[in-house]
Amino acid sequence: MLKKMHKALKRNLPKSIVEILLVLSDLKDAFACAAFLFQKELPISFLQRWQLIRSFYRISARVDSPHTQREILAYVKTILSIPNGMKGVVVEAGCFKGSSTAKFSLAADLADRELVVCDSFEGIPENEEEHGRDIFGKSAGFAQGTYRGGLDEVKANVSQFGKISCCRFIKGWFDDTLPQFNEPVAAAYLDVDLVSSTKTCIQYFYPLLQSGGALFSQDGHLPLIIQLFQDKIFWQDEIGITVPMVYGLNQRKLIHIRKS
Ligand SMILES: C[S@@+](CC[C@H](N)C(=O)[O-])C[C@H]1O[C@@H](n2cnc3c(N)ncnc32)[C@H](O)[C@@H]1O
């Protein structure tokens, strides 16, 4: 109900008003954005930080955005902090309509990195996953075809609001496309909802992740994803390492691991 009202408001009000409402409706996001403006350790100017924040709200007011600005900022800061000497592209797996892609592409451009975007562009695949309730007590489920954004639609949004010149799109189901992907990865961001999809992404991206690189999952609130990140047998048998330290596990949606 609230979601529907939110969507109707978003469609009908002038976009500049929607942007202001977005700032007021999530003060945690607004504070995180304000803190970002003063993060002097990042290798970009105050003006560039301000322009990023302006763009993020501009994009959220115009494109469906199932994420918070805090989640986006966490990855943006990681992208901007990748040491010059570290090889590798930055990856986004799961882009929906391209709102997160447009935001990440602006950071990737500033960091002079290529952003590789992997998605079916057909939404969530067929699945029988039972997610039950997430750590916040909300019931979760992901029907086939939800979160669909066509490749042309995503490209149009990224062209309009982000930096399409630094993006490469890999279209198809992860099981089909990722086995062919074989290049250094400096950072990866997974927002793919299903545990099967997350598993495939970890299997193919983690071995390519450079030492010091980070892998994020925006699905850390889902019990099946928590189980996967804690699954000793998965990490041992499929990845060849002991269970890694997972920052934020059992506390928030956005979790990450850093490769030593
Ligand atoms: C929640 S949406 C991503 C939202 C996006 N990050 C944002 O914030 O706007 C999940 C995405 O994962 C993609 N996806 C999930 N499982 C997949 C799979 N096995 N292969 C390809 N794409 C998949 C869906 O197509 C969808 O675009």
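How many C-beta neighbours does Ala156 have inside 10 Å, and does that make Ala156 buried, exposed or partly exposed? I will start there, with the caution that what we are looking at is a predicted model. Ala156 is found in helix α7, which covers residues 151-161, and with 15 C-beta neighbours inside 10 Å this alanine counts as partly exposed, because a residue needs 20 or more such neighbours to be called buried and 12 or fewer to be called exposed. Its C-alpha atom lies 9.9 Å from that of Ala102, although Ala156 and Ala102 are 54 residues apart along the chain.

Let me step back to the chain as a whole. There are 11 helices and six strands in the chain. The radius of gyration is 18 Å, close to the 18 Å that the globule rule gives for 260 residues, so the chain is as compact as a globular protein of that length. The C-alpha trace spans about 50 × 45 × 35 Å along its principal axes, and of the 260 residues in the chain, 40% are buried. If we take the contacts between residues at least 6 apart in sequence, 74% of them join residues that are at least 24 apart.

Next, the sheet. The six strands form an open sheet with mixed pairing, in the order β3-β2-β1-β4-β5-β6. At the edges are β3, residues 167-171, and β6, residues 255-258, each of which pairs on one side only. From one strand to the next the twist averages 15°. Helix α5, residues 69-80, packs on this sheet and touches β1 (89-93), β4 (185-190) and β5 (209-217), while its direction makes about 175° with that of β4.

If we walk through the pairings beginning at the β3 edge, strand β2, residues 115-119, runs parallel to β3 and is joined to it by five bridges, with Val116 standing opposite Arg168 in β3. On to β1: this strand and β2 pair in the parallel sense over four bridges, and here Glu92 stands opposite Val117 in β2. Five bridges then join β1 to β4, again in parallel, and Val90 stands opposite Ala187 in β4.

Strand β1 deserves a little more time. Four of its five residues are buried, which leaves the strand mostly covered. Which residues does Val91 touch, once those up to four places away in sequence are set aside? They are Val116, Cys118, Val185, Ala188, Tyr189 and Phe205. Val91 itself has its place in strand β1, and because 29 other C-beta atoms lie within 10 Å of its own, Val91 is buried. Not every distant residue comes into its surroundings, of course: the C-alpha atoms of Val91 and Ser165, which are 74 residues apart along the chain, are separated by 15 Å.

Phe205, one of the contacts of Val91, takes us to helix α9, residues 195-205, which is mostly covered, with eight of its 11 residues buried. The buried residues of α9 are Val195, Ser197, Thr198, Thr200, Cys201, Ile202, Tyr204 and Phe205. What covers them includes the strands β1, β4 and β5, together with the helices α8 (174-177), α10 (223-230) and α11 (232-239).

Now the ligand. There are 22 residues around the ligand, and those that come nearest are Gly94, Phe96, Ser100, Ser120 and Ser197; Ser197 we have just met among the buried residues of α9. By class, the shell consists of 10 nonpolar, nine polar and three charged residues.

I will finish with a second alanine. Is Ala61 buried or exposed? It falls in between: with 19 other C-beta atoms within 10 Å, Ala61 is partly exposed, because the threshold for a buried residue is 20 or more. Ala61 is found in helix α4, residues 46-62, and, leaving aside its neighbours within four places in sequence, it is in contact with Lys10, Lys15, Val18, Glu19 and Leu22. For Glu19 in particular, 42 residues away along the chain, the C-alpha atoms of the two residues are separated by 5.6 Å.

Notes:
Residues are numbered from 1 along each chain as its sequence is written. This is a predicted model: local features need pLDDT of at least 70, side-chain atom pairs count only at pLDDT 80 or more; totals for chains, interfaces and linings use all residues. Helices (H or I, at least four residues) and strands (E, at least two) are DSSP runs, numbered from the N terminus. The radius of gyration is taken over C-alpha atoms; the globule rule is 2.2 Å times the number of residues to the power 0.38. Two residues are in contact if their C-beta atoms, placed from the backbone, lie within 7 Å. A residue is near a molecule or strand if its C-beta atom, placed from the backbone, lies within 6 Å of it. Ala, Val, Leu, Ile, Met, Phe, Trp, Tyr, Cys and Pro count as nonpolar, Asp, Glu, Lys and Arg as charged, and the others, Gly among them, as polar. Two strands pair if DSSP finds at least two bridges between them. Axes are lines fitted to C-alpha atoms, for helices over the stretch in contact, and angles run from 0 to 180 degrees between N-to-C directions.
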